[in-house]
Amino acid sequence: MIAVSTLRKIQDIVGKNNFLDSQEDRIAYSYDATPLLQTLPDAVVRPSSVQHISSIMKLANEEKFGVIPRGSGSGLSGGSIPVENSIVLLTNQWNRILEIDEENHTTWVEPGVITAQLHTEVEKIDLFYPPDPGSMTICTLGGNVAENAGGLRGLKYGVTKNYVMGLEAVLPSGEVIHVGGKSVKDVAGYSLKDVFIGSEGTLGIFTKILLKLIPKPQSFKTMLAFYDTIRDAAETVSAIVAARITPATLEFLDALTIRCVEEYAHIGLLTDAGALLLIEVDGRPAEVEEDAQKILNLCRHHRAKEVHVAATTDEAIRLKTARRAAFSALARVKPTTILEDTTVPRSMLASMVERIQEIARRYDVLIANFGHAGDGNLHPTCLTDERERESIVRAEKALEEIFLSAVEFGGTITGEHGVGLAKKKILEQVTGGPALEMMRNLKKVMDPNQVLNPGKIVSLKPRCEGNLPRNRQQIKNFVDAGAWV
């Protein structure tokens, strides 16, 4: 526990109204969207200035407590879960779009701006911010940068890192750093902004973010293609890519997800289908029509049993509901929903899906699958019940084997959710020892006292290393035993 005298010093920095330490507040910020992970912080703070954050970080180094940055808490790898002897630092109240520069196609935002809010504001002036994570209506841009979030449009437009041009951040030491800017070209020294992107709040706390915008596409066309098998759908994906067509969206759902979505949203999906593809092309009207027709032909050639093409914008939104509602629909099936992500080369997509199905059968767990077929990013989703410990153990073993299978197929253990607490124990399987040690050394140099989001991605001995739980079930056992909460 953080000493009472230290907590008083923290309260003096942010003010009484921005210091929360009731049991209710501590419980509310003890977890994020990652199932089975929870730890009570010693307090929750809402800093109202960069100086507040800087002062808190300096005090953390003096008094040796942890600071856990948090936006909306929609993360799925435990990145904003508190640890022993820590406070949660909220940034979601920093929610202003500070500038939209139409001439330079950039925008300065605070870290608490909701992603969908930025979409709405820039599209009013025919500009476009492409990254669209599934949680875009609640997630913050600061969290997007910290996790290097992706989204449905990642195939054509890339992920968050492709749109970050500059940052203002508070370092673990309390110093304030400014990196990047509006210049399109800048190779002066190391690209420090890229060190922060995807660092999951372990290297700095963002206070301002400069993002690149692009012209809004003039036209788009959306379609759903239904298949009897996952392999037919995967072969269609390969054929579209081979035809040198780059859809804005190329998503897939497996049979279980299709049925759950239809029961949830009632949008007219074929519930006897083995898989579906959601495909959207955008750009100039003539180009969109040409690409859409080519894709329609490819779908039929690769045994699509039915293809629906949206005739209106409203119908397109309805078709896209099939993908955007996937997690919500699956979460209704069982009390505990473990949404994971892993990525393989596109050519291995069908093999990876089949491997996931085989693993699910072998461990007797219910796993649905959906994801970004165009870039090989899958979201195997385990539907279980945390009250049944044996079921959780089997789920953990199945998911770990799925991650290792992705590595076997030349892929990685996470495409967009991050490492956090949930996957740190198998990170070396992807990076190798020397690369993991380089990460540790970077953390050690930038945060020698391990005060900023400690224990996430990598651990530095000796801070609680011997006592850290290694998976969700062990963490849940810690919580049940009262060791952390």
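**Exercise 1. Work out which way helices α8 and α10 cross, and what sits at the crossing.**

Step 1: get the handedness. The α8/α10 crossing is right-handed, meaning the near helix is turned clockwise from the far one by less than a right angle (anticlockwise would make a crossing left-handed). Keep in mind that this is a predicted model, where local features need pLDDT of at least 70, side-chain atom pairs count only at pLDDT 80 or more, and totals for chains, interfaces and linings use all residues. Residues are numbered from 1 along each chain as its sequence is written, and side-chain values use heavy atoms, with hydrogens and water left out.

Step 2: add the geometry. α8 covers residues 230-242 and α10 covers 285-301; their axes come within 9 Å and cross at roughly 145°. Axes here are lines fitted to C-alpha atoms, for helices over the stretch in contact, with angles running from 0 to 180 degrees between N-to-C directions. Helices are DSSP runs of H or I with at least four residues, strands are E runs of at least two, and both are numbered from the N terminus.

Step 3: list who touches whom. From α8 come T236, A239 and I240, and they meet I295, L298 and C299 of α10; contact means heavy atoms within 4.5 Å. Sorted by type, the contact residues are five nonpolar, one polar and no charged.

**Exercise 2. Lay out the five-stranded open sheet and find what packs on it.**

Step 1: write down the order. It goes β5-β6-β10-β8-β9, with antiparallel pairing; two strands pair if DSSP finds at least two bridges between them.

Step 2: mark the edges. Those are β5 (97-101) and β9 (176-180), each pairing on one side only.

Step 3: zoom in on one pair. β8 (residues 164-170) is joined to β9 by five bridges, and A169 stands opposite I177 of β9.

Step 4: put the helices on. α3 (residues 50-63) lies across β8, β9 and β10 (205-212), at about 55° to β8. α4 (residues 115-123) packs on the sheet too, touching β5, β6 (106-109) and β10, and its direction makes about 35° with that of β5.

**Exercise 3. Track down the aromatic pairs and classify them.**

Step 1: count. Searching the whole structure turns up two; ring centres (Phe, Tyr, or the six-membered ring of Trp) must lie within 6.5 Å, and planes under 30 degrees apart are stacked, over 60 edge-to-face, the rest tilted.

Step 2: take F128 and Y157. They're edge-to-face, 5.6 Å centre to centre with 70° between the planes. F128 sits in strand β7 and Y157 in helix α6, so the pair ties together parts 29 residues apart in sequence.

Step 3: take Y129 and Y163. Their centres are 6.0 Å apart and their planes are at 75°, so this pair is edge-to-face.

Step 4: check burial. Buried means under 20% relative accessible area, exposed over 50%, partly exposed in between (1.4 Å probe, protein chains only). F128 and Y157 are both buried; Y129 is buried at 0%, and Y163 counts as buried at 5%.

**Exercise 4. Describe the surroundings of strand β18.**

Step 1: look at cover. Six of the seven residues in β18 are buried.

Step 2: find its partners. Two bridges join β18 to β13, antiparallel, with L253 opposite F370. Seven bridges join β18 to β19, also antiparallel, and N369 has P380 as its bridge partner.

Step 3: inspect the turn. β18 and β19 make a hairpin with four residues between them, where G376 has a positive phi of about 75°.

Conventions
Nonpolar A, V, L, I, M, F, W, Y, C, P; charged D, E, K, R; others polar.
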